[in-house]
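Work through the following exercises with the sequence and the structure side by side. Try each task on your own before you read the solution beneath it.

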Amino acid sequence: MKFNQSNIKKAKKYLDKNYCIGVPTETVYGLAANAYSNQAVQKIYKLKKRPKSNPLIVHYYGINDLKKDCLFNKNFLKLYKKFSPGPITYILNLTKNSKISKIVTNKKNNLAVRFPKHKIFRKLLRKLDYPLAAPSANISSKLSAVQSSDIKEDFGNKIKYILDGGKSNIGLESTIIDLRKKPKILRLGGLETSKIKKILSTKIRISINPKKQIAPGQSKLHYSPGIPLKMNFKKILRKNIKKSIINEAYVFIKRKKNNHSNFFYLSKKGDLREAAKNLYTCLRKIKNRGYKQIYVEKIPNFGLGKAINDRLIKASKY
Ligand code: TXA
Ligand code: MG
């Protein structure tokens, strides 16, 4: 994707006026606004129909900009050095003098922070004198957006501007890790947990479906294509395919020899990285073609497959 200076200027102009805009990141597109402004971040909640209790991730260019808002610790510095900018979000305590809007944090004293890698987004962040609160650019509980046309599909002309950065390279949201005490993963995502484990010498807990929800995206229906989805189908009988061809879509991890119009595949050869990148686009396509039911083949549960399965489990709570 070509970077265009005048688009960055335009994006900055809207943000300076406290509007929300669409921004590209390497994980998924974000719906961004000035994280220091109550007026600006309120618009995010309204547009997304997001419950006020659900806090937002704030995006920074680099660690120097974060100093005034959050308290650092050893684990954060280790992970930052290795993985940021990139698909990892840290939960840290706020400083006393932090200017982050209370609406962003739902009045709590901690903040989710991320340093995105997407070149165009970074060029924008560098030009601003405030960080950007940006949840995924979709209506609450629905499929995330991985290209500007997805945002248009969900919000029409309700959003002032979308900074186009092509298709998101990873296609799944960031991995979230709470670093306030013992490291705890709150959401599986674009950075594999095994890679994080290698860097931290302490144990990491995985707490993605806790009884007491910390992150509202952690349990109930989420990432939903808006039609029922069933996981792990094993065998499809030919007669079923023919009988239900109009209503049912089948998603495979790799391309099949015998293709049908209601067969979709996430990757040519079963590569999990490619599958992650294509997941939301594939589900969107199926929904838009009018299918009434989605069946997804069993996805290997390692590496990025774990994050893909996490999204599918939540999408299947329809
Ligand atoms: O990749 C991503 O993380 C994308 C891009 C745009 O950066 N953003 C994203 O934001 O996925 P969102 O709002 O769709 O998901 C953020 C999740 C939510 O489940 C929210 O509850 C949780 O992070 N969260 C936000 N602040 C938190 C906090 N202080 N403590 C615990 N969880 C938090
Ligand atoms: Mg989201």
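**Exercise 1. A helix and its cover**

Which residues of helix α6 (residues 119–127) are buried? Find them, then find what covers them, keeping in mind that the model is predicted.

Solution. Begin with the helix itself, where the buried residues are Ile120, Phe121, Arg122, Leu124 and Leu125. Next, look outward from these side chains: the elements that cover them include α1 (5–16), β1 (21–23), β3 and β6 (132–133). Finally, take Leu124 as a single example and list its contacts, leaving out residues up to four places away in sequence; Leu124 then touches Ile8, Ala11, Lys12, Leu15, Ile21, Val23, Leu132 and Leu163.

**Exercise 2. The core and the two domains**

Find the residues with the most contacts inside the largest nonpolar core, and explain where this core lies with respect to the domains.

Solution. The chain is first divided into domain 1, which covers 5–206, and domain 2, which covers 229–315. The largest nonpolar core has 93 residues, and Tyr90, Leu124, Ile177 and Ile196 are those with the most contacts inside it. Helix α10 (residues 272–288) contributes the largest share of this core, namely eight residues. Because domain 1 and domain 2 both give residues to the core, it lies between them. As a general background to this step, nonpolar side chains tend to be buried together in soluble globular proteins. To complete the picture of the two domains, note that their C-alpha centres lie 29 Å apart, and that 22 residues of domain 1 are in contact with 17 residues of domain 2.

**Exercise 3. The surroundings of ligand 1**

How many residues surround ligand 1, and which are the closest? Continue from the shell to the polar side-chain atoms that approach the ligand's oxygen atoms.

Solution. The shell around ligand 1 consists of 26 residues, of which Thr27, Asn54, His59, Ser136 and Ser174 are the closest. Sorting the shell by strand shows that β3 (57–59), β5 (110–114) and β9 (184–187) each supply at least two residues, while β5 gives the most, with three residues. Now turn to individual atoms: a polar side-chain atom of Asn54 lies 2.5 Å from an oxygen atom of ligand 1, an N or O atom in the side chain of His59 is 2.7 Å from an oxygen atom of the ligand, and for a polar side-chain atom of Arg114 the corresponding distance is 3.0 Å. On its own, ligand 1 has 690 Å² of accessible area, and the protein covers 96% of it.

**Exercise 4. Ser148 and Asn7 compared with the cut-off**

Are Ser148 and Asn7 buried, partly exposed or exposed? Describe the contacts of each residue as well.

Solution. The cut-off needed here is that a residue counts as buried under 20% relative accessible area and as exposed over 50%. Ser148, found in helix α7 (residues 148–155), has a relative accessible area of 10%, so it is buried. Leaving out residues up to four places away in sequence, Ser148 touches Tyr29, Ile162 and Asp164, and its side chain makes a polar contact of 3.2 Å with the side chain of Asp164. Asn7, found in helix α1, has a relative accessible area of 23%, so it is partly exposed. With the same omission of residues up to four places away, Asn7 touches Tyr161 and Leu163.

**Exercise 5. Unusual backbone angles**

Where is the cis peptide bond that leads into Pro85, and which loops hold Ser141 and Tyr223?

Solution. The peptide bond from Ser84 to Pro85 is cis, with omega near 0°, and Pro85 is placed in the loop between α4 (74–83) and β4 (88–93). Ser141, in the loop between β6 and α7, has a positive phi near 75° although it is a residue other than glycine. Tyr223, in the loop between β10 (205–206) and β11 (229–233), has a positive phi of about 50°. As a last step, compare accessibility: Ser141, at 23%, counts as partly exposed, whereas Tyr223, at 4%, counts as buried.

Conventions. Residues are numbered from 1 along each chain as its sequence is written. Chains are lettered from A and ligands numbered from 1 in the order in which they are written. This is a predicted model: local features need pLDDT of at least 70, side-chain atom pairs count only at pLDDT 80 or more; totals for chains, interfaces and linings use all residues. Side-chain values use heavy atoms; hydrogens and water are left out. A nonpolar core is a set of buried Ala, Val, Leu, Ile, Met, Phe, Trp, Tyr and Cys residues joined through side-chain atoms within 4.5 Å. Buried means under 20% relative accessible area, exposed over 50%, partly exposed in between (1.4 Å probe, protein chains only). Helices (H or I, at least four residues) and strands (E, at least two) are DSSP runs, numbered from the N terminus. Domain bounds come from an automatic or database domain assignment. Contact means heavy atoms within 4.5 Å. A residue is near a molecule or strand if one of its heavy atoms lies within 4 Å of it. A polar contact is a pair of N or O atoms within 3.5 Å; within protein, one must be able to donate a hydrogen and the other to accept it, and residues adjacent in sequence count only if both atoms are side-chain atoms. Accessible areas come from the Shrake-Rupley method with a 1.4 Å probe; for residues, only the protein chains shown count as cover.
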